[in-house]
Amino acid sequence: MRLVNESGTTLDLHTRLFAEELTPSATDDIWRRAEVMDWQDIRTTLLGPIHQLLFACVHGLRWRTVPEVRWLADVALIVEGEADRLDAR
């Protein structure tokens, strides 16, 4: 679901991380590592940087009749903004 506020800022709300999840608990470990944040006065959870990167890459690589390249910008922003928190090993 895509949420949009008065200023046009959008937020994609997902009920599960990956469409390919075979079981409801497949991504439990990822969600256990999620970080708490406030968005528009709502307390929620946000994936940690390495899992944001994983999500953006998997989401962006899905086949579509019209390729979406906006995920490349997401990956670049995550890498640039969270470089000190990403483990390069």
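Is leucine 17 buried or exposed? I would like to start there this morning, keeping in mind throughout that what we have in front of us is a predicted model. Leucine 17 has a relative accessible area of 7%, and because the limit for calling a residue buried is under 20%, leucine 17 counts as buried.

As for where this residue sits, leucine 17 belongs to the loop between β2 and α1, the helix that spans 28–32. If we leave aside its neighbours within four places in sequence, leucine 17 is in contact with Thr27, Ile30, Trp31, Leu47 and Phe55. One of those partners, leucine 47, is 30 residues apart from leucine 17 along the chain, and the C-alpha atoms of the two are separated by 9.7 Å.

Let me turn to the nonpolar cores. The largest one has 6 residues in all, namely Leu53, Ala56, Trp71, Val75, Ile78 and Leu86. Helices α2 and α3 each supply at least two residues of this core, and the largest share, 3 residues, comes from α3. A second, separate core has 5 residues, among them Leu17, Phe18, Ile30 and Phe55, so our opening residue is found in that second core, not in the largest one. Going back to the largest core for a moment, tryptophan 71 touches Ala56, Cys57, Gly60 and Leu61, when residues up to four places away in sequence are not counted.

Now to the aromatic rings, where the count comes to 1 pair. The ring centres of phenylalanine 18 and phenylalanine 55 lie 6.2 Å apart and their planes meet at 40°, so this pair is classed as tilted. The pair links distant parts of the chain, 37 residues apart, with phenylalanine 18 in the loop between β2 and α1 and phenylalanine 55 in helix α2. Both of these phenylalanines are buried.

Finally, the largest pocket, which has a volume of about 1100 Å³. Its lining is made of 29 residues, and those nearest the centre are Leu11, Asp12, His14, Leu46 and Phe55, the last of which we have just met in the aromatic pair. By type, the lining divides into 16 nonpolar, 7 polar and 6 charged residues. At least two lining residues come from each of β1 (2–4), β2 (10–12), β3 (35–39), β4 (42–46), α2 (49–60) and α3 (70–81). Which element gives the largest share of the lining? That is α3, with 6 residues, and α3 also gives the largest share of the largest core.

Conventions:
Residues numbered from 1 in each chain as written. Predicted model: local features only at pLDDT ≥ 70, side-chain atom pairs only at ≥ 80, totals over all residues. Heavy atoms only, no water. 1 Å grid on protein atoms, 1.4 Å probe; cavity = no way out; pocket = protein on both sides within 12 Å on 5 of 7 lines; lining within 4 Å. Points joined across faces, edges and corners; volume = space filled by probe spheres on them. Helix = DSSP H or I, 4+ residues; strand = E, 2+ residues; numbered from the N terminus. Nonpolar A, V, L, I, M, F, W, Y, C, P; charged D, E, K, R; others polar. Core = buried A, V, L, I, M, F, W, Y, C linked by side-chain atoms within 4.5 Å. Buried < 20%, exposed > 50% of the residue type's maximum accessible area, 1.4 Å probe, protein only. Contact = heavy atoms within 4.5 Å. Phe/Tyr/Trp six-rings, centres within 6.5 Å; stacked < 30°, edge-to-face > 60°.
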